[in-house]
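Subject: Structure handover

Hello,

Here is the structure I promised you. My notes on it follow below.

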Amino acid sequence: MSDGAVFAKKPELALAQHKFAALNGTSEQRSAALQKLVEGIKEDKMIGFYNRLVSENVLQKDATLERELEEASSKDLAELDKNIEVAKEEHGDLEQNESSIHRAVFFAQIGDEEKAQASYEEVLQRSTTTLNQKLDIVFGKLRLALFYTNSKTIQAEIEKAHELIDKGGDWDRRNRLKAIECIWSCSQRQFKKASDLFIECLSTYSSPELMPLSEFVCHGALACAVVMPRADMKKKVIDAPEVVEVSFNVPSVDKILRSLYDCRYADFFSALASVETEHLCVSRYLYEHRRYYTREMRIRGYAQLLESYLSLTTKSMADSFGVTQEFIDKDLSRFISAGRLHCVIDKVGGIVETNRPDTKNAQYQKTIKQGDMLLNRIQKLSGIISI
């Protein structure tokens with residue numbers, strides 16, 4: 001790069017996902033994840049990450065593999081140290097910084113988190129480091145924190161990235177930051193923020209090092225499904241060319257969006273179950289929110305159906321969702337008592353009656369209250385002025 005910037009693509013975030021699947025997936029998913037973990041460790045000479053996985057009992061200790069990783073990583077590190085010395089003797093500040101950043105990226109690649117963070121920080125503090133170099137260092141530190149799920153560091157680095165981008169970051173880096181924030185917001189259960197960021201950067205997504213487009217669409221579309229108004233969902237998500245392009249890779253996500261929009265509630269419940277097993281339970285960003293997500297989506301489905309009726313039988317509602325009357329009765333009761341659904345159940349008649357709040361009356365009362373507060377402030381102000 002002409003400005004000496006080095007965009008870090010290590011460590012491979014896919015390996016963190018494979019580690020998660022190896023610990024939380026089905027037996028079949030665990031077997032495949034362990035195989036991919038070993039392949040990735042060998043390819044990137046990840047001696048530090050390998051030792052961590054052995055200590056956490058994710059992998060069995062292999063003395064031969066450990067020795068090979070040590071030798072290969074030591075050889076590459078010696079070459080990088082040599083490049084730094086050459087840069088000091090024969091080149092300028094940009095090249096020296098670039099060589100040092102490459103060394104920090106290598107520490108991140110092999111899984112030495114402490115040395116990687118320290119090396120990044122050392123270059124970041126140099127007076128000769130350019131704005132774009134600083135940005136890419138922050139992105140490197142952010143990537144490292146995402147790999148190890150260090151929440152405090154992730155938030156701090158996102159804030160630093162915003163500060164630097166506001167000083168003159170280019171379009172590509174702005175877009176990459178939006179993609180990262182979208183995924184991180186999903187992991188923090190901030191689905192409204194995640195959905196907004198997803199819509200903003202979907203058409204210009206250029207962060208395959210974060211995750212493939214199909215996975216990004218999966219996370220972003222699921223965030224939209226739980227918070228976005230039905231009318232907007234069709235235009236901004238379901239019919240978006242990027243979503244349509246990868247829909248065959250994530251059929252359950254496509255099905256849950258279309259069935260909810262088309263009011264095919266039995267298909268919606270079926271798709272929700274598939275989404276939970278295929279995506280929520282194996283995504284390290286969504287796993288902790290799987291119960292919350294399925295609960296909120298059920299509430300959304302129920303509310304959407306009830307919105308069209310003043311009343312309907314529990315049998316009709318159960319048939320619509322493809323479940324038993326007992327399930328509907330129990331599920332609705334929970335959500336009604338929690339104030340999440342505006343309806344009541346007549347168990348004798350087997351009827352669900354809606355009692356939506358009077359929006360106009362609520363707005364009227366709010367206006368009156370605000371008017372009274374304004375008059376009180378005016379009276380206080382007039383008293384002060386007269387004095």
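The side chains of E66 and K61 are joined by a polar contact of 2.6 Å. This is a predicted model, so please read every value here as computed from it. E66 sits in helix α4, residues 63-90. Its relative accessibility is 18%, so E66 counts as buried, the cut-off being under 20%. Leaving aside neighbours within four places in sequence, E66 is in contact with I47, Y50, N51 and K61. K61 therefore appears both in that contact list and as the polar partner of E66.

**R176, E209 and K9**

A second polar contact links the side chains of R176 and E209, at 2.8 Å. R176 belongs to helix α9, which covers residues 171-187. R176 counts as buried because its relative accessibility is 13%.

E209 also touches K9. Residues up to four places away in sequence are not counted here, and R143 is touched by K9 as well. K9 lies in the segment before α1, a helix that covers 13-24. With 48% relative accessibility, K9 counts as partly exposed. From K9 to Q109 is 100 residues in sequence, yet 8.5 Å in space, C-alpha to C-alpha.

**C186**

Helix α9 also holds C186. Is C186 buried or exposed? C186 is buried, with a relative accessible area of 0%. Setting aside neighbours within four places in sequence, C186 is in contact with F191, A194, H219, A223, Y285, L286 and H289. D76 makes a contrast with the K9 case: C186 and D76 are 110 residues apart in sequence and 37 Å apart in space, C-alpha to C-alpha.

**The largest pocket**

The largest pocket holds about 710 Å³ of space. Its lining is made of 27 residues. Q17, H18, E215, E278 and V282 lie nearest the centre of the pocket.

Which helix gives the most to this lining? The answer is α1, with five residues. At least two lining residues come from each of α1, α2 (27-44), α11 (213-227) and α15 (265-280). By class, the lining has 13 nonpolar residues, seven polar and seven charged.

**Strands**

Strand β3 covers residues 351-354. It has two faces: V352 and T354 are on the covered one, I351 and E353 on the uncovered one.

β3 pairs with β1 and with β2. Strand β1 (residues 311-313) runs antiparallel to β3, and three bridges join them. There, S311 stands opposite E353, a residue of the uncovered face. Strand β2 (residues 343-346) is also antiparallel to β3, and that pairing has four bridges. The bridge partner of I345 in β3 is V352, which belongs to the covered face.

β2 and β3 form a hairpin with four residues between the strands. In this hairpin, G350 takes a positive phi near 65 degrees.

**Backbone points to check by eye**

Most residues other than glycine have a negative phi, and most peptide bonds are trans. Three places depart from that pattern.

- K10 and P11 are joined by a cis peptide bond, with omega about -5 degrees. P11 is in the segment before α1, and K9 lies in that segment too.
- K45 is not a glycine but has a positive phi of about 55 degrees. K45 is in the loop between α2 and α3, the latter covering 47-55. Its relative accessibility is 24%, so K45 counts as partly exposed.
- C263 is likewise not a glycine, and its phi is positive at about 65 degrees. C263 lies in the loop between α14 (251-261) and α15. At 35% relative accessibility, C263 counts as partly exposed.

The loops of K45 and C263 each adjoin a helix named above for the pocket: α2 for K45 and α15 for C263. Both helices supply at least two residues of the pocket lining.

Please start with the views of E66 with K61, and of R176 with E209.

Best wishes

Definitions and conventions
Residues numbered from 1 in each chain as written. Predicted model: local features only at pLDDT ≥ 70, side-chain atom pairs only at ≥ 80, totals over all residues. Heavy atoms only, no water. Buried < 20%, exposed > 50% of the residue type's maximum accessible area, 1.4 Å probe, protein only. Contact = heavy atoms within 4.5 Å. 1 Å grid on protein atoms, 1.4 Å probe; cavity = no way out; pocket = protein on both sides within 12 Å on 5 of 7 lines; lining within 4 Å. Points joined across faces, edges and corners; volume = space filled by probe spheres on them. Nonpolar A, V, L, I, M, F, W, Y, C, P; charged D, E, K, R; others polar. Polar contact = N/O pair within 3.5 Å; in protein donor to acceptor, adjacent residues only side chain to side chain. Pairing = 2+ DSSP bridges.
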